[in-house]
Amino acid sequence: MRILLVEDDPSIAESLSDGLIATGYEVVHAATGAAALLVVDADVVLLDLGLPDMDGRDVCRSIRARSDVPIIMLTARGDEFDRVLGLELGADDYVTKPF
């Protein structure tokens, strides 16, 4: 299974990648929204919302417009409004940091 990890924080990205790879997943890391949108063949997307070049919600919207790949938002934004909006934009789940 190929996982697209969209995370701009290097320490979080490395930690998640190491854990996922250790359990047998293939991980493609993108540190920006633009880089994430170039990846077309992921089986699952783990998406941070706070990206340096664009809002993760826009990334979610763009991915969802072209694919039904499962999207799990991993973010520090824990307000109820943010959760509802993320799910309405097409995320399949919403997990707040720290996790």
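**Notebook: core and fold of the chain**

I began with burial: 41% of the 99 residues of the chain count as buried (under 20% relative accessible area, 1.4 Å probe, protein chains only). This is a predicted model, where local features need pLDDT of at least 70, side-chain atom pairs count only at pLDDT 80 or more, and totals for chains, interfaces and linings use all residues. Residues are numbered from 1 along each chain as its sequence is written, and side-chain values use heavy atoms, without hydrogens and water.

Next I looked up the elements. I found four helices and five strands (DSSP runs: H or I of at least four residues for helices, E of at least two for strands). From the N terminus, their order is β-α-β-α-β-α-β-α-β.

Then I turned to the largest nonpolar core (buried Ala, Val, Leu, Ile, Met, Phe, Trp, Tyr and Cys residues joined through side-chain atoms within 4.5 Å). It holds 21 residues, and Leu4, Val6, Val45, Leu47, Cys60 and Ile71 touch the most other members. Strands S1 (2-6), S2 (26-30), S3 (44-47) and S4 (71-75) and helix H3 (56-66) each supply at least two of its residues. H3 gives the largest share, three residues.

I picked out Val45. Not counting residues up to four places away in sequence, Val45 touches Leu4, Val6, Ile63, Val69, Pro70, Ile71 and Ile72 (contact means heavy atoms within 4.5 Å). I also noted a second, separate core of nine residues, including Ile3, Ala13, Leu16 and Leu46.

Last, I checked the extent. The C-alpha trace spans about 35 × 30 × 25 Å along its principal axes.

Technical notes: Buried < 20%, exposed > 50% of the residue type's maximum accessible area, 1.4 Å probe, protein only.
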